[in-house]
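Hi,

Here is the structure I said I would pass on to you. Have a look at it first, and then read my notes below.

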Amino acid sequence: MGSATGDPHILFFPFLAPGHIIPAVDLAKLFASRGVKTTVITTPGNAPSIQPSIDQANDSCSLRHPIALSLLPFPAAEAGLPAGCENPIAIPLTNLDMRARFVAAIELLQQPFARLLRELLPDAVVTDFLLPWTQDVAAELAVPRLVFHGTSLFFLCASHSIDRFKVLESVPPGSAESFVLHGLPHRIEMRRSQIQDFSKMPGIMEFYDRCKNSEERSYGVVANSYYELEPDYAEHYRKVVGRRVWNVGPVSFCNGNEIEKSRRGDKTSIDCNQCLSWLNTKKPGSVVYVCFGSMYKLPIAQIREIALGLEALDTPFILVVRDVRGNDSDWLPQGFEDEVAGREKGLIIRGWAPQILILNHEAVGGFVTHCGWNSCLEGVSAGVPMITWPMYAEQFFNERLIVEVLKVGVGVGVKEYADLGEERRVVAGEEIRMAVGRVMDGGEEAEEMRRRARELAEMARRAVEEGGSSYVELGELIQELIERRKTAGTE
Ligand code: UDP
C-alpha cells in the first residue's frame with residue numbers, strides 16, 4: 001500500500017547504534033527529497049538523537065511527505081537489561097553478558113516489526129544487514145527488502161573474497177602473518193591480526209552466517225557510496241559477488257545548510273557558532289580534526305599520547321573525547337587544556353562534535369579517524385585527507401581503501417584488531433606526530449593527497465546532483481519500486 005498520492009512508501013530500520021542510525025536517517029531524507037513517503041523505525045530511547053534532524057527536514061517544507069518516525073517499544077526487561085539500555089553506548093564495553101542481552105532484545109523486536117509491516121504494507125523496507133529476521137518478515141508479506149550495510153563496497157568485496165577462498169582457515173587468529181585477498185581488482189594484503197577473532201565471541205559466526213544468508217535472499221543492497229569512488233568494487237560487487245546494488249551516497253550531503261549539519265546525530269556538546277568562530281580564525285587547511293566515532297572511549301594513557309603528539313606539531317587541532325575510559329580525573333597532561341585554549345591552538349570537545357560541520361570548514365586540512373565508514377566517507381566528501389587509525393569492525397579494510405586504493409591518507413601504524421573494551425597498544429605521541437605531520441606538512445606527498453582528496457570530493461558532489469551517478473541510481477531504484485507495485489496491482 002503506497003501513499004494516497006501514489007508515491008511509494010519505504011520503511012527504514014537501522015541497527016540500534018549511532019553509526020547505523022545516522023546514515024539511515026540521511027537515507028530516509030534522501031528518498032523523501034525525491035517524493036517518496038518515508039518512515040524511520042527505531043526505539044524510544046534512540047528517538048531523541050534523531051528527532052531534531054527529522055523535524056528540521058520536515059520544517060523545511062520542501063518535502064512532499066513529512067518523514068514519519070515509528071517507535072517499537074524496546075524489550076529491555078524481557079532481555080534482562082536495565083531500562084534505557086537501547087544502544088551499545090549505554091552498555092559498559094567489557095560487559096559481554098549485557099552485550100549478548102542487547103542483541104537478544106533486538107531479536108525480540110521481530111514481532112512488533114511484523115505487526116507494523118502488516119499495518120503499513122509499504123512498497124519496500126530498507127533494513128540493516130544486522131537485522132536478518134527483517135528479511136523473513138518482509139518476505140512473508142511479499143514486501144521487497146533492501147539491505148543497508150553502511151559500509152564500503154570495498155569491504156563487502158574483500159569479505160566475500162575471504163569467505164570464498166576460506167583464507168582464515170589456514171592462518172591462526174592474532175598472527176602477524178599477512179595474506180593476499182584473492183580475486184579483487186587491486187592487490188590487497190591484510191594481516192590476520194587486523195581481522196576479528198570470531199572464537200572470542202561464541203555464536204558470532206552463526207549470526208553473521210544468518211545475516212549473509214538473509215542478504216542473499218533480499219531484493220538488493222542500498223550502498224552509502226558513489227560509483228566514482230570505488231568503481232572497480234561496484235562492478236565486482238555486481239558481477240562477482242552477484243548482488244544488485246544501488247549506490248546512492250554520500251548520504252550526508254542531504255544535510256545542506258549549517259542547521260542541518262549541526263543537528264545531525266546527537267546533541268552537540270559545543271555551541272556550533274563557537275566552534276565555527278574558532279575555525280574562522282584559522283588559515284585554510286591548517287587544522288587537524290581528531291575524532292574516533294560514536295562508540296570508542298579513549299583510555300587515559302592514549303589521550304595523553306595524542307596530546308603530546310599534537311603539542312609537538314605547529315598544527316592547530318580539534319580533539320573530540322567522547323568519554324574517558326579509566327578513573328583518573330587528570331586525563332590530560334597537567335595544564336594542557338588551559339594552555340592550548342589560551343594560545344587558541346586547540347579546541348577540546350568533550351562529548352558529541354558537529355562532525356560534518358567541522359569537516360566542511362575550509363580551515364580543516366586533516367582528519368585523524370578510526371575509519372568507521374561514515375567518517376571515511378564524510379572525510380572524502382569534504383576533500384580532507386586522513387590519518388587512519390583503525391580499531392575494530394571493518395575499519396582495517398576501510399583503511400586499505402583510503403591509504404592504498406584512493407591514496408588520500410596515511411596510516412598511524414596500528415596493526416592489531418582489538419574489540420571495543422579490549423586492551424590495545426597505546427600509540428605513542430611520536431608516531432602520531434609523524435603521521436599527522438605527513439598529511440599536514442605541505443610537502444609533495446601531502447599536496448598530492450590533498451589534490452586527490454579534493455578531486456574525490458568534487459566527484460562526490462557531482463554524484464548527488466541532478467544527473468549525477470547517485471542521483472540517477474536512486475531514481476532508478478524508486479522507479480523500479482513504483483513499476484513493481486503497478487505490476488503487483490494488476491496480477
Ligand atoms: N559523529 C558526530 N560527532 C561525533 C562523533 C561521531 O557527528 O562526535 C558522527 C559521524 O559524523 C558519523 C557517525 O557519527 O556520521 C559515526 O559513524 P562511523 O561509521 O564513522 O563510526 P562508528 O561510530 O559507527 O564507529
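Is the crossing of helix 6 and helix 15 left-handed or right-handed? It is right-handed. Please keep in mind that this is a predicted model.

A bit more on that helix pair. Helix 15 covers residues 395-405, and helix 6 runs over 153-164. The two pack at an angle of about 115°, and their axes are 9 Å apart. Angles of 65 to 115 degrees count as roughly perpendicular, so that is the label for helix 6 and helix 15. On the helix 6 side, the residues involved are Phe-154, Phe-155 and Ala-158. They meet Phe-397, Asn-398, Leu-401 and Val-405 of helix 15. Sorted by class, this contact has six nonpolar residues and one polar, with no charged ones.

Now the domains. The protein is split into domain 1, made of 9-254 plus 463-490, and domain 2, which is 266-460. Their C-alpha centres lie 26 Å apart. Across the boundary, 33 residues of domain 1 are in contact with 29 residues of domain 2. On the domain 1 side, the elements that give two or more residues are helix 1, helix 6 and strand 7 (189-191). Helix 1 has the largest share there, with four residues. That side of domain 1 divides into 17 nonpolar, 13 polar and three charged residues.

Then there is the sheet. Seven strands make up an open sheet with parallel pairing, in the order 3-2-1-4-5-8-9. Strand 3 (68-71) and strand 9 (245-247) are the edge strands, each pairing on one side only. From one strand to the next, the twist averages 25°. If you want to zoom in on one pair, try strand 4 (residues 124-128) and strand 5 (residues 145-148), which pair in the parallel sense over four bridges. Look there for Asp-128, which stands opposite Phe-148 in strand 5.

Helix 1 turns up again here: residues 18-32 pack on the sheet. This helix touches strand 1 (9-13), strand 2 (37-42), strand 4, strand 5 and strand 8 (220-223). The direction of helix 1 makes about 165° with that of strand 2. So if you're picking places to start looking, helix 1 packs on the sheet and also gives residues to the side of domain 1 that touches domain 2.

Cheers

Terms used:
Residues numbered from 1 in each chain as written. Predicted model: local features only at pLDDT ≥ 70, side-chain atom pairs only at ≥ 80, totals over all residues. Pairing = 2+ DSSP bridges. Axes fitted to C-alpha atoms, helices over the stretch in contact; angles between N-to-C directions. Contact = placed C-beta atoms within 7 Å. Domains from an automatic or database assignment. Nonpolar A, V, L, I, M, F, W, Y, C, P; charged D, E, K, R; others polar. Parallel < 35°, antiparallel > 145°, perpendicular 65-115°, else oblique. Left-handed = near helix turned anticlockwise from the far one by under 90°.
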